[in-house]
Amino acid sequence: MTHVGSLTRAQLGECLAGPGIHLRTGRFTTLLRSPIASVADGIHRLYGDYPLSSGFADFHLDLVRPATLRRWLRPQVTLLYDRRSMFKPLPLDQAFPMFEWGLNWCVSSRANRYLIIHAAVVEKNGRAVILPAPPGSGKSTLCAALVGRGGWRLLSDELALLRLEEGVLHPLPRPISLKNASIAVIRDYVPGSVMSRAVTDTAKGTVAHMRAPADSVARAGESALPAWVVFPRFEAGSAATAEPVARADTFMQLAQNCFNYSLLGAEGFTALAGLVERSRGYRFRYSKLDDALAFFDSLP
């Protein structure tokens, strides 16, 4: 099977500007088209290990420059889903982050054969940790450290996909979204990490994406059993502490972080209840990544 890395940057740019590429990420295939150079740069830098397919695509995305007078003064980018504009245009410099955000939207709003939780997921020895957390809690920083130095496999940085029938977690390994100070933190903590160009002045501040480990991408077909739910919170200067969370509270907090819990009705309730029944919940506070990695290695 052909991978993105088999194409030169020039060949990739020509494909994206022409018929597009069928980019395979976990269980999903996206037909992506764009003539914008920064999109090709980001795909070439971060998606080299990902397979390319042909034929059916779950999602059809185009990133284009809107044909308005603003294109001469303040160039913008628009994301089209099935050739329709679903979002407000953003500054052209944000084209690659917009692709990442748009693909998250596609999965979280369309893949309802899964219970979808806003959470990072990592796995070791077949058992997975789910890390639900609001923005600013240090979730992605912690996720990048765990897969970059902790020996954990990346299942996802943003979306936990729980298969309704089997109760297993399906991987969606994609670049890890880092923001503001965490970009420099991970550059220092994970030597050799590959990142996209930092983009400033987005709605989330400065953002950069870290390339997913090649092993995690290669094992995108291997599911994992949920074993722990850890609610992380970074607090500067704090010691690492872990407090057990009762199953009822774990259930309620997970439900609040689900994209489609209400939509799925009884199926969603049953799937989430099964996940909580099989998992131990913790509320985890940390300030040092070394301490955090030691805690995750000690999980019973």
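This report covers the aromatic contacts, charged contacts, largest pocket and backbone of a predicted model.

**Aromatic contacts**

The structure contains 16 aromatic pairs. One of them joins Phe-234 and Tyr-286. The geometry is edge-to-face, with 5.7 Å from centre to centre and 75° between the planes. Phe-234 belongs to strand S16 (residues 225-234), and Tyr-286 belongs to strand S18 (residues 280-286), so the contact ties together parts that are 52 residues apart in sequence. The two partners differ in exposure. Phe-234 is partly exposed at 39% relative accessible area. Tyr-286 is buried, because its relative accessibility is 2% and the cut-off for buried is under 20%.

Another edge-to-face pair is formed by Phe-251 and Tyr-261, with ring centres 6.1 Å apart and planes at 85°. Here the elements are helices. Phe-251 sits in helix H8 (residues 247-256) and Tyr-261 in helix H9 (residues 261-264), so this pair ties together parts that are 10 residues apart in sequence. Phe-251 counts as buried, at 13% relative accessibility.

Phe-234 and Tyr-286 also belong to one aromatic cluster. Its other members are Trp-152, Tyr-282, Phe-284, Phe-295 and Phe-296.

Two arginines place a charge over a tyrosine ring. The charged end of Arg-149 sits over Tyr-189, 4.0 Å from the ring centre. The charged end of Arg-163 sits over Tyr-114, 5.7 Å from the ring centre.

**Salt bridges**

Side chains of opposite charge can pair when their charged atoms come close. The structure holds 15 salt bridges. The table lists some of them.

| Salt bridge | Closest N to O distance |
|---|---|
| Asp-49 with Arg-211 | 3.4 Å |
| Arg-163 with Glu-166 | 3.5 Å |
| Arg-233 with Glu-235 | 3.6 Å |

The salt bridge between Asp-49 and Arg-211 links distant parts of the chain, 162 residues apart. Asp-49 is in the loop between helix H2 (37-46) and strand S3 (52-53). Arg-211 is in the loop between strand S15 (205-210) and helix H7 (214-218). Asp-49 is partly exposed at 27% relative accessibility. Arg-211 is also partly exposed, with a relative accessible area of 24%.

Arg-163 has two contacts described here. Its charged end sits over the ring of Tyr-114, and its side chain forms a salt bridge with Glu-166. Glu-166 is partly exposed, with a relative accessible area of 49%.

In the remaining pair of the table, Arg-233 is partly exposed at 47% relative accessible area. Its partner Glu-235 is partly exposed at 29% relative accessibility. Elsewhere, salt bridges with shared partners join Glu-123, Arg-153, Asp-215, Arg-219 and Glu-222 into one network.

**The largest pocket**

Rolling a probe the size of a water molecule over the atoms shows where empty space is left. The largest pocket holds about 800 Å³ of space. It is lined by 35 residues. Those closest to the pocket centre are Pro-135, Gly-136, Ser-140, Ser-177 and Lys-179.

Which elements each supply at least two residues of the lining? They are helix H4 (95-110), helix H5 (139-148), strand S13 (176-179) and helix H6 (181-189). H4 gives the largest share, 6 residues. By residue type, the lining of the largest pocket divides into 18 nonpolar, 13 polar and 4 charged.

Helix H5 also carries Leu-142. Leu-142 is buried, with a relative accessible area of 0%. Its C-alpha atom is separated by 12 Å from that of Ser-156, which is 14 residues away along the chain.

**Backbone**

Most residues other than glycine have a negative phi. Two residues depart from that pattern.

Asn-125 has a positive phi, near 55°. Its place is in the loop between strand S8 (114-124) and strand S9 (127-132). Asn-125 is exposed, because its relative accessibility is 74% and the cut-off for exposed is over 50%.

Asp-201 has a positive phi of about 60°. Asp-201 lies in strand S14 (residues 199-202). Asp-201 is exposed too, with a relative accessible area of 69%.

Terms used: Residues numbered from 1 in each chain as written. Predicted model: local features only at pLDDT ≥ 70, side-chain atom pairs only at ≥ 80, totals over all residues. Heavy atoms only, no water. Phe/Tyr/Trp six-rings, centres within 6.5 Å; stacked < 30°, edge-to-face > 60°. Helix = DSSP H or I, 4+ residues; strand = E, 2+ residues; numbered from the N terminus. Buried < 20%, exposed > 50% of the residue type's maximum accessible area, 1.4 Å probe, protein only. Lys NZ or Arg CZ within 6 Å of the ring centre and 35° of its normal. Salt bridge = Lys/Arg side-chain N within 4 Å of Asp/Glu carboxyl O. 1 Å grid on protein atoms, 1.4 Å probe; cavity = no way out; pocket = protein on both sides within 12 Å on 5 of 7 lines; lining within 4 Å. Points joined across faces, edges and corners; volume = space filled by probe spheres on them. Nonpolar A, V, L, I, M, F, W, Y, C, P; charged D, E, K, R; others polar.
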